[in-house]
Amino acid sequence: MLYIAPSLLAADFSCLDSEINKVADAGAKYLHLDVMDGAFVPNITFGPELISCIRKCTDLYFDVHLMIKRPERYIDRFVKAGADIITVHYEACENPMSVIHLIHSYEMKAAVAISPNTPVDVLYPLVNHIDMALIMTVEPGFGGQSLIPECLDKVQALRKYVSERGIDLDIEVDGGINADNIGLCTSAGANIIVAGSAIFKSKKPRNVIMSMKEAAANNPFKP
Ligand code: DX5
Ligand code: ZN
């Protein structure tokens with residue numbers, strides 16, 4: 001199933017309620033929430049308190065992307081804040097498998113992300129234990145960057161790896177994605193597509209989401 005996940009990072013933070021409802025009205029079902037700690041990445045965004053506030057504004061599926069060092073310290077707080085799935089970075093965990101188990105112990109869905117320089121095969125031992133893999137298509141830290149096309153080779157390799165083993169894994173891509181390049185992502189095998197600037201900075205987010213879905217449908221996974 002294909003989902004477009006608008007990233008709140010590109011929204012106008014002075015009016016989050018209307019920004020969130022704008023993308024819900026435009027047809028989004030997911031909301032991607034980028035949590036940055038100023039240590040794992042050189043930027044700071046928001047934490048569980050803000051997520052718990054916006055939880056009251058919407059029923060959108062909260063896709064929480066933790067760009068924080070040793071995220072196991074904070075999982076309980078993001079669970080309580082109202083996350084629906086929690087993604088941690090492979091590079092930020094001393095023991096990724098134990099963090100996955102910790103997230104699952106709260107009956108919460110768990111995902112693992114890899115940054116552009118991390119090889120995809122680190123995910124192979126985890127694919128039976130996670131609900132989603134996130135392949136970053138930019139260096140994590142900032143919205144508004146350009147997609148790094150080489151990262152899509154990892155999407156293709158992972159989709160091939162899981163398909164051959166009969167595993168139905170969601171593969172998310174994040175960074176620099178718009179209606180012009182979403183087809184590259186879906187034909188490589190991604191099915192959850194994060195887009196910040198392309199959606200929130202547009203005057204017509206509904207049209208952007210529709211064009212993205214159309215381009216995705218025209219570019220199915222090609223093994
Ligand atoms: C980058 C974040 C992304 C970012 C995407 O570290 O993880 O989710 O907000 O924004 P765009 O679509 O503008 O690249
Ligand atoms: Zn993100």
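This note reviews ligand 1 and the pocket around it in a predicted model.

1. Placement of the ligand. Ligand 1 lies in the largest pocket of the protein. That pocket has a volume of about 280 Å³. Of its 25 lining residues, those closest to the centre are Gly143, Gly144, Asp174, Gly175 and Gly176.

2. Residues around the ligand. The shell around ligand 1 comprises 20 residues. The closest of these are Asp34, Gly141, Asp174, Gly196 and Ser197. Asp174 is thus named twice in this note, being listed among the residues closest to the ligand and among those closest to the pocket centre.

3. Polar contacts. Two glycines meet the ligand through their backbones: a polar backbone atom of glycine 196 is 2.7 Å from an oxygen atom of ligand 1, and a polar backbone atom of glycine 141 is 2.8 Å from an oxygen atom of the ligand. Histidine 65 takes part through its side chain, where an N or O atom is 3.3 Å from a ligand oxygen. Taken alone, ligand 1 exposes 380 Å², and the protein buries 99% of that area.

4. Contributing elements. Strands β2 (30–36), β3 (61–67) and β8 (192–195) each provide at least two residues of the shell around ligand 1. The most come from β2, which gives 3 residues. For the lining of the largest pocket, β2, β3, β8 and helix α7 (197–200) each supply at least two residues.

5. Chemical character. By class, the shell around ligand 1 contains 8 nonpolar, 10 polar and 2 charged residues. The lining of the largest pocket divides into 12 nonpolar, 11 polar and 2 charged residues. When the composition is discussed, it should be kept clear whether the shell or the lining is meant.

Methods. Residues numbered from 1 in each chain as written. Chains lettered and ligands numbered in written order. Predicted model: local features only at pLDDT ≥ 70, side-chain atom pairs only at ≥ 80, totals over all residues. Heavy atoms only, no water. Near = heavy atom within 4 Å. Polar contact = N/O pair within 3.5 Å; in protein donor to acceptor, adjacent residues only side chain to side chain. Areas by Shrake-Rupley, 256 points an atom, 1.4 Å probe, with all protein chains shown as cover. 1 Å grid on protein atoms, 1.4 Å probe; cavity = no way out; pocket = protein on both sides within 12 Å on 5 of 7 lines; lining within 4 Å. Sits in = over half its atoms within 2 Å of the grid points. Helix = DSSP H or I, 4+ residues; strand = E, 2+ residues; numbered from the N terminus. Nonpolar A, V, L, I, M, F, W, Y, C, P; charged D, E, K, R; others polar. Points joined across faces, edges and corners; volume = space filled by probe spheres on them.
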